[in-house]
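Please have your viewer ready and follow along with me, one selection at a time. We will visit a sheet, the helices beside it, and then a spot on the surface.

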Amino acid sequence: MGALRVNVEIPNLLTGELEIDGIAVLMGLPMSGKTTVLRLIFDVLYASQERVVPLEAAAIADEFLDSTGEMRVTVEHEGTRAEITCSKREEEEASCALSGGKIPYDAVFFPAEMEYILKYNYAPVYYESYNRFFTLINELKAGREKKGYGIRIPAKLFERELSIEHFQLYEKVNGKSIRLELSSSTSVKLSFLISVVKNGLLDDPQTTLLLLDDPQTNMHPEYELKLVYLLGLLAKKGYKVLLTTHDMDFLSMLSCIYGVPKALGLDERFDITLSLYLIRDGTIKEYNIHSSAIPTYTTTLLNLYKYCG
């Protein structure tokens with residue numbers, strides 16, 4: 001399947017294009033719009049399939065639009081184009097419309113607060129982008145498996161796994177069942193993602209886009225490396241991945257993904273398309289993922305180092 005091409009125009013926030021094929025990374029300063037981009041991509045694909053514009057798109061438009069501009073988000077795949085356009089009149093809520101055809105892609109959004117949802121049953125303000133994520137949690141609790149889409153995970157990748165008792169998730173540690181709220185932040189997220197992948201709950205890899213918002217947060221570098229390996233397996237299987245991060249070490253691991261299996265003592269070859277996009281001054285621009293200089297990231301550290309003895 002060809003790449004997904006995305007164009008985003010949000011007045012007073014950002015504009016630009018990106019292409020998702022293999023693993024794409026989106027970076028930028030806080031409040032630059034990274035999570036908003038993920039959620040709007042989900043909204044366009046959802047609307048394209050269901051022919052209903054999600055309430056989430058209108059809620060985002062309400063936050064950023066005034067009475068003079070339009071928000072446009074377009075996703076294109078192999079000649080088929082779908083677009084959500086939102087506008088707003090004075091003292092009225094934003095209204096949105098869908099145009100274009102049906103893009104045969106489903107999206108799964110993994111929110112940045114994934115750990116808190118899993119450990120503490122935290123329930124964020126509900127929008128459509130969260131629906132598939134909560135469905136995955138319930139499918140795991142129900143013990144569901146889809147063997148046709150399951151991916152074999154090497155046992156040495158992760159020693160812990162999630163178990164199900166009384167429709168609740170626990171983590172197995174040395175033969176004991178530990179409540180998730182008492183488990184390691186690092187291991188809970190990785191255990192969840194591995195369980196979802198092993199059980200084949202992500203559906204057809206040729207028509208599924210994975211949107212991960214800061215998936216490595218709170219992870220030890222060793223577990224970040226395992227997460228990169230898992231993302232490599234998913235991309236190799238055919239899933240397209242778009243993720244956000246602020247972690248330069250995690251970015252370095254992604255840029256060297258072909259060496260990750262060897263670093264973990266595993267026999268696997270990754271030949272995956274990698275791309276990096278940076279939101280800077282309200283514009284999405286593509287950068288070399290292997291670059292040693294990422295504006296607002298490495299430049300911040302270099303400026304600090306000038307003052308270190």
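**Stop one: the sheet**

Begin with the open sheet, whose three strands run in the order S8-S9-S10 with antiparallel pairing. To see its borders, select residues 161-165 for strand S8 and 176-179 for strand S10; these are the edge strands, each pairing on one side only. Turn the view a little and look for the twist, which averages 50° from one strand to the next. Keep in mind while you look around that this is a predicted model.

Now select residues 168-173, strand S9, together with S8: the two pair in the antiparallel sense over five bridges. If you would like to see one of these pairs up close, which residue in S9 is the bridge partner of Ile 164? Pick Leu 169 and you have found that partner.

**Stop two: the helices on the sheet**

Add residues 185-198 to your selection. This is helix H5, which packs on the sheet and touches S8 and S9. The direction of H5 makes about 80° with that of S8. Next, show residues 131-141, helix H4, which lies across S8 and S9 and runs at about 70° to S9.

**Stop three: a surface patch**

Finally, move to helix H9, residues 298-305, where you will find Leu 304. Is Leu 304 buried or exposed? Leu 304 counts as partly exposed because its relative accessibility is 46%, and partly exposed covers the range between under 20% for buried and over 50% for exposed. Now switch on the surface and colour Leu 301, Leu 302, Leu 304 and Tyr 305: they form a nonpolar patch with about 410 Å² of accessible area together.

Conventions. Residues numbered from 1 in each chain as written. Predicted model: local features only at pLDDT ≥ 70, side-chain atom pairs only at ≥ 80, totals over all residues. Heavy atoms only, no water. Pairing = 2+ DSSP bridges. Helix = DSSP H or I, 4+ residues; strand = E, 2+ residues; numbered from the N terminus. Axes fitted to C-alpha atoms, helices over the stretch in contact; angles between N-to-C directions. Contact = heavy atoms within 4.5 Å. Patch = residues over 30% accessible without salt bridge, like charges linked within 9 Å, V, L, I, M, F, W, Y side chains within 5 Å. Areas by Shrake-Rupley, 256 points an atom, 1.4 Å probe, with all protein chains shown as cover. Salt bridge = Lys/Arg side-chain N within 4 Å of Asp/Glu carboxyl O. Buried < 20%, exposed > 50% of the residue type's maximum accessible area, 1.4 Å probe, protein only.
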